[in-house]
Each structure stands twice: as structure tokens, then as C-alpha cells.
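Work through the following exercises with the sequence and the model side by side, and try each task before reading its solution.

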Amino acid sequence: MKISLCLHTERTSVDTDYQQAYENFIQLCKQGDRGGFYTIWTGEHHAMDFAISPNPLLTVAALAPQIHNARLGTATIVAPFWHPIRLAGEIAFTNQVTHGRLEVGLSKGAFQYEYDRLTEGMTNLKAGEMLREHVVALRNLWHGNYAHDGDNWTFPSTSVTPQFSLKGQPPLWIAAQSPETVSFAIEHGCHVQMTPLWLGLEKVKESVSVFKHATQVAKSDAKLMLLQHAYIVESEEEKQQVLKHFSHYYREFYAWFSQANTVSHGRLLGELATPEGFSPADLENNLLIGTADEVLETLQYYQKLGVSEFALWLANGLSHEQNSRCLEAFVQHILPKFQKN
């Protein structure tokens, strides 16, 4: 099982300026690269300090000359926000900039807040349809001389540049939760990204089961990447502090998702609700937070389940110093146990 890293720029406090937040992000990426993480992934989000990553391809291009060993991935590009020709060309160019190290993750998006601001009238169902149309269009545009007549885009015969052969195309990953999307991804030659969010081991096992069934039906050797928050602690006191923090993080995540709070200058206003399952006690049973041995035992279990790649989700609202310590602990205690990483 490969061990990777997923993060983006976060401005967790108004006392941190945007440049410092970006420099913190770069430093963590470099630390992960030096430590031996397989891929550094970054996603796409808009108009929120919670996740500052308006163009993951631009981020990857900026990282390319600074990251010397790891592959670089978009986890994920939000398909409804892009035209297929533009996206196909920018992916091809970024793959060239990274000297072939690019991994491409696509999703339909998660936040209605973003849909409402970038694509008028967008719904979750419509976004899923656009994601699936993108996969078909991208494959064909990279092959060349492709005309498209779909439900969402129509364009005449086009070949994006720079061009590359079929074997030179970057791997495609689809962020999926539903069995239908997992099956679509695998049937179209894509790998799959899944996350249990705050739901724990039972959700992980359910996701793996859905993935395995789809690969068996399609007779595919597709890979499964599991994206999950994790943190290695040295004491029970530290664990309770970190759990309290993650309770706040997921309350904030839910507020963005549900649009329950007013937003001003990219930040939530007002008190955050505490939905069921978000208390520190609930999260203690579901999040991968524990000693090095406890985290290692769980990751080895994921490997036995059939997970191909585990991505440490380091976009978590913790301080730069805390995340740097977490990376150091993973490098010291976890990565050496996965020698093929």
C-alpha cells in the first residue's frame, strides 16, 4: 500500500496572512517529499479561507520544481467548473511541467456554496452527469481529432496540445461514494478515491466492498485510494486536545456543506452547530487518531482489505507546527513499515 499526502493552503486564523498560509503549505509539501510520501495531492475549492485552492493544476505546477521525488496529484478537480477542452489542455500541459509525474483526480464537487457561485442552477445530480461526460471527453481529446456532442458541451473536432500517446496519459482517479459512480469510474478505466470522512471503520469496509464488487464485475485491476484524517499522538491528553479540534473542524465542514452560517470575506460567521456524530467522544471511535502503533495497526488492516493507497488528509485546520509534527511521526513510524511505498 502506498502512503500519500493530501493538503491545501488553509488560513485558520485572521492573524495569519495569506502569504504565510501559502508558505506553510509549501513547507509541509517539501517535508512530505523529503520524508518519502508517494504522491502529494491537492484539491479545488473556491471563496473560502477553509480551503484555499482555486486551481489545483496551478498549485501542482508551482510545486513541480520544488518537489523532487513524489508524484503530484489533483484531488480533486471539480469537473462542472471546467470546459472539457480547457481542462484537457491544462492537464496535458501540467503533465509536461511535472515531467510526467501528474495524477489527475476528478470529482463532481461537494459544496452547494461553490455551485451557487460558479455555475448557476447547478445541482448535485447535474454535477454528476457533467463529471461522467468529462471523463469521456478527456480521453478522446487526448487521443486527438475529437468532436463532442453531449448533454452539457458541444464542440467541433479538436486536438488539445501538447499531445501525448495513449500510454502517456496521466492516470485518472474519480472521487466516488455511490456504487453507480464507482462502477462508472472502473468501467471507464479510472481508479477510485473514497473517503469515510467522520464515519470510521465501518464506512471504510463498506467503501472497500463497493469497490471490490465493481472491479470483479468489470474484471478490472483499478486501484483504490482511501483519503482520511489521521494524527499520531504521544499522550492521552494530546489525543483529547486533538479530538476537540477535529470536532470543531468537522462542525465547520458541515456548516460549509449545509450553508448553515453566513459567510463574510471567505469566513463563517456565528456559532457552529454540533450535528450528531461530531462530538469528541464520537470522533474518538471513528477517526484515525492514536499512538503510532494504533495508527499503524489500522493502516495495515486497510492494506489487508485491499486499499492500494492511503492518503493522509492533512487539510485539517490544525496549526502548521502540529501538522509538521504529524508528518514527522508518519515518516518515523509509518512509512518504514510500507517498504514498497
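**Exercise 1.** Which residues of strand 14 are buried on one side, and which on the other?

*Solution.* This is a predicted model, in which local features need pLDDT of at least 70 and side-chain atom pairs count only at pLDDT 80 or more, while totals for chains, interfaces and linings use all residues. Residues are numbered from 1 along each chain as its sequence is written, and side-chain values use heavy atoms, with hydrogens and water left out.

Begin with the extent of the element: strand 14 covers residues 309-313, strands being DSSP runs of E with at least two residues and helices runs of H or I with at least four, numbered from the N terminus. Next, apply the burial classes, where buried means under 20% relative accessible area, exposed over 50% and partly exposed in between (1.4 Å probe, protein chains only). Glu309, Ala311 and Trp313 are buried on one side, and Phe310 and Leu312 are buried on the other. Five of the five residues are therefore buried, so strand 14 is largely enclosed by the rest of the structure.

**Exercise 2.** Identify the strands that pair with strand 14, and give a facing residue for each.

*Solution.* Two strands pair if DSSP finds at least two bridges between them. Strand 1 (residues 2-6) pairs with strand 14 in the parallel sense over five bridges, and here Ile3 stands opposite Phe310. Strand 9 (residues 224-228) also runs parallel to strand 14, with four bridges, and Leu227 stands opposite Ala311.

**Exercise 3.** Describe the surroundings of Ala21.

*Solution.* First locate the residue: Ala21 belongs to helix 1 (residues 18-35). Its relative accessible area is 2%, so Ala21 is buried. Then list its contacts (heavy atoms within 4.5 Å): leaving aside residues up to four places away in sequence, Ala21 touches Thr9, Glu10, Arg11 and Thr16. By contrast, Ala218 lies 197 residues from Ala21 in sequence and 43 Å from it in space, C-alpha to C-alpha.

**Exercise 4.** Decide whether the radius of gyration of the protein agrees with that of a compact globule, and place the result beside other overall values.

*Solution.* The radius is taken over C-alpha atoms, and the globule rule is 2.2 Å times the number of residues to the power 0.38. For 341 residues a compact globule would come near 20 Å, and the protein has 19 Å, which agrees. The C-alpha trace spans about 60 × 45 × 40 Å along its principal axes, and buried residues make up 54% of the 341 residues. The secondary structure comprises eleven helices and 14 strands.
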